[in-house]
Each structure stands twice: as structure tokens, then as C-alpha cells.
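I opened my notebook for this chain and wrote down each thing as I looked it up. Here are the entries.

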Amino acid sequence: MCPASSRIRNPIIPHENWPPAKLFSLSCQAIKDEILTSCIPSSPPLRLLHPDCRPVPAAAPAPPGPTNVTAILEKAGQFTTFIRLLQNTKVADQITAALNNSNQGLTILAPTDSSFSNLKPGTLNSFTDEQKVQLIQFHILPSFFSPSQFQAASNPLRTQAGGSQGSFPLNVTATGNSVNITTGVTNATVGNPIYTDGQLAVYQVDQVLLPLSFFMTPAPAPAPQKPKKAARSADAPSGSDFSTTADSSSAICLSKKVIRAMSCAMLVLAAFT
């Protein structure tokens with residue numbers, strides 16, 4: 001409330017200069033309006049204050065959350081099977097962690113529902129749980145690829161399957177604006193990007209990328225070696241020793257007979273000469 005002196009002495013128009021007629025012609029409400037206008041200065045809009053009367057600082061904008069890959073695929077449509085496999089194998093969580101912790105980005109090659117329908121019946125069910133994880137990881141490149149970067153890519157491209165050893169590579173060929181992927185089992189065409197933000201690129205592919213290692217016959221295990229026979233004692237002659245002794249005896253007997261025959265022949269010749 002304004003001080004009494006302000007209400008009396010400081011109206012907009014000093015009361016000393018008001019004509020008597022106008023003074024009595026003003027209504028009570030008009031006098032109140034004049035007093036309030038002159039007593040209450042204009043001020044900026046009120047702001048919330050801390051208890052110590054300092055202005056409340058504006059809240060900083062929240063940092064953007066991690067890119068939701070499944071939401072991107074759901075919005076694009078026709079990727080229901082791939083989304084289900086991403087969630088069941090927990091590879092979707094791996095993608096989120098990689099986007100948060102890596103500066104190289106990711107590239108996802110997403111097969112459509114019709115691509116899974118074109119597989120031979122029972123193909124997915126024939127894979128183990130570990131192979132299903134590797135299958136989905138096989139569709140993820142651990143680097144960001146724009147369409148133009150596919151043109152200069154060096155083969156083979158490493159995938160998330162197999163880790164840093166790169167045991168599940170694939171090859172890319174680019175001709176003009178056409179990009180093809182070869183796995184040794186599957187030949188697929190890469191479509192236009194569904195989503196790209198400089199860190200994550202998602203492309204549609206028209207075939208499920210099947211790793212060659214899933215269909216290779218494993219090499220047979222080496223045959224176990226036969227245990228060696230125990231050495232015979234020195235005083236116990238072996239079978240070969242017996243045969244050798246027998247052969248030697250036969251040869252000696254034969255030699256004696258030959259010598260006797262030759263001796264007899266010589267005696268006979270000597271008798272007739």
C-alpha cells in the first residue's frame with residue numbers, strides 16, 4: 001500500500017491544480033485508479049525465487065536419449081520378424097550400448113518380412129540360440145556407412161558376428177547407385193536408407209544374410225592313435241626271432257647237404273679217373 005502522503009500529495013495531477021468542479025466530479029473508482037497508477041510502478045513479470053531471494057535458474061535441456069532402433073523399424077513397417085529377433089536375442093541392447101560407447105557408429109542391414117518368408121521352411125528353427133544371435137549380428141556392421149562409402153569399401157567387411165576376429169565377413173559390390181551384398185550363400189541388394197543420422201544408418205535388404213559357416217561341413221576329427229605295443233623282455237624271443245632262427249637253421253642244413261653232394265660227386269669222379 002502506498003504511504004498516506006503519496007495518496008494525497010502525489011497523484012498524477014497534483015491536487016492543488018485540480019479545479020474544484022473536477023475534483024467533485026471524479027468518481028471514487030476513478031480516484032482509486034489514479035492513485036494506484038501513480039503509486040505502483042510498472043515492473044517485469046514476477047519470477048519464482050529461491051528462499052534466499054535469488055532467481056531460479058532455468059533448467060538445462062535434457063540430453064537426447066539413445067536412438068531406438070526397434071522404434072525406427074516399427075515406423076518403417078514390414079520388419080516384424082527382424083524386430084522380434086533383435087529383442088529375443090538381446091542384440092537390440094547391444095546396439096544401444098554400442099551407439100552410446102563408440103564413435104564409429106553402426107550400420108544395420110534389415111531384412112524385410114518377405115525376406116524371412118522366402119527362406120526354406122524350418123531354416124530359422126534349425127539354428128541354435130547361439131546361431132540366432134550370430135545371424136542377427138551378421139546384419140550389423142561396426143561402422144557407419146553412407147551410400148557413397150559403400151562405393152569405396154574394402155572387402156571383406158567385418159560384421160558384429162564373430163567379434164574382433166572377423167570370422168563372419170561379407171563382401172560388398174557397388175555399381176553406380178546399386179549396392180549388393182554377398183555372403184557365399186546369399187546375394188542381397190541394399191535398398192535406400194530407412195534412417196541415417198551420421199552415427200547410425202539403417203538399410204533395407206531384400207534377402208536374409210545367411211553366414212557361409214552355418215552350412216559348411218565341419219572337418220572330421222582326427223582318428224585316435226593306436227597305443228604302441230609294450231616292448232618284449234630281452235630273454236623272451238619274439239615271433240620274428242623264432243622265424244629268423246628257423247630260417248637260419250634251414251639254410252645251414254641246406255648248405256651241409258650241398259657240400260656232401262659235391263664231395264660225393266668228386267669221389268665218384270676220382271674213382272673213374
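**Entry 1: the whole chain**

I began with contacts (heavy atoms within 4.5 Å). Among those in the protein chain between residues at least 6 apart in sequence, 60% join residues at least 24 apart. I noted that this is a predicted model, where local features need pLDDT of at least 70, side-chain atom pairs count only at pLDDT 80 or more, and totals for chains, interfaces and linings use all residues. Residues are numbered from 1 along each chain as its sequence is written, and side-chain values use heavy atoms, with hydrogens and water left out.

Next I looked up the elements. The protein chain has ten helices and six strands. These are DSSP runs numbered from the N terminus: helices are H or I with at least four residues, strands are E with at least two. I also checked burial. Of the 273 residues of the protein chain, 27% count as buried. Buried means under 20% relative accessible area, exposed means over 50%, and partly exposed lies in between, with a 1.4 Å probe and protein chains only.

**Entry 2: the sheet**

In what order do the strands of the open sheet lie? I read 2-1-6-5-4-3, for six strands with mixed pairing. Two strands pair if DSSP finds at least two bridges between them. The edge strands are strand 2 (140-141) and strand 3, and each pairs on one side only.

I started from the strand 2 edge. Strand 1 (residues 106-111) runs antiparallel to strand 2, and two bridges join them. Thr107 is opposite Leu141 of strand 2.

**Entry 3: three hairpins**

I then went to strand 3 (residues 171-175). Five bridges join it to strand 4 (residues 178-182), and the two run antiparallel. Thr173 has Asn180 of strand 4 as its bridge partner. Thr175 stands opposite Ser178. The two strands form a hairpin with two residues between them. Gly176 in that turn has a positive phi of about 65°.

Strand 4 also pairs with strand 5 (residues 187-196). Four bridges join this antiparallel pair. Asn180 turned up again here, with Thr189 of strand 5 as its bridge partner. Val179 has Val190. This hairpin has four residues between its strands, and Gly184 in the turn has a positive phi of about 95°.

Strand 5 goes on to pair with strand 6 (residues 200-205), antiparallel, over four bridges. Thr196 has Ala201 of strand 6 as its bridge partner. Three residues lie between the strands of this hairpin, and Gly198 takes a positive phi near 90°.

**Entry 4: the faces of strand 4**

Which side chains of strand 4 point to the buried face? I found Val179 and Ile181 there. Ser178, Asn180 and Thr182 point to the other face and are not buried.

**Entry 5: Leu109**

I picked one residue of strand 1, Leu109. Leu109 is buried, with a relative accessible area of 0%. I listed its contacts, leaving aside neighbours within four places in sequence: Phe82, His139, Ile181, Tyr203, Val205 and Leu209. Tyr203 is 94 residues away along the chain, yet the C-alpha atoms of Leu109 and Tyr203 are separated by 5.0 Å.

**Entry 6: helices**

At what angle do helix 4 (residues 69-76) and helix 5 (residues 80-88) pack? I read about 165°, with the axes 10 Å apart. Axes are lines fitted to C-alpha atoms, for helices over the stretch in contact, and angles run from 0 to 180 degrees between N-to-C directions. Helix 4 and helix 5 are therefore roughly antiparallel to each other. The cut-offs are under 35 degrees for roughly parallel, over 145 for roughly antiparallel, 65 to 115 for roughly perpendicular and oblique for the rest.

Thr70, Leu73 and Glu74 of helix 4 meet Phe82, Ile83, Leu86 and Gln87 of helix 5 in the contact.

Last, I checked helix 8 (residues 129-137). Gln134, Leu135, Ile136 and Gln137 are buried in it. The buried residues of helix 8 pack against helix 5, helix 6 (91-101) and strand 2.
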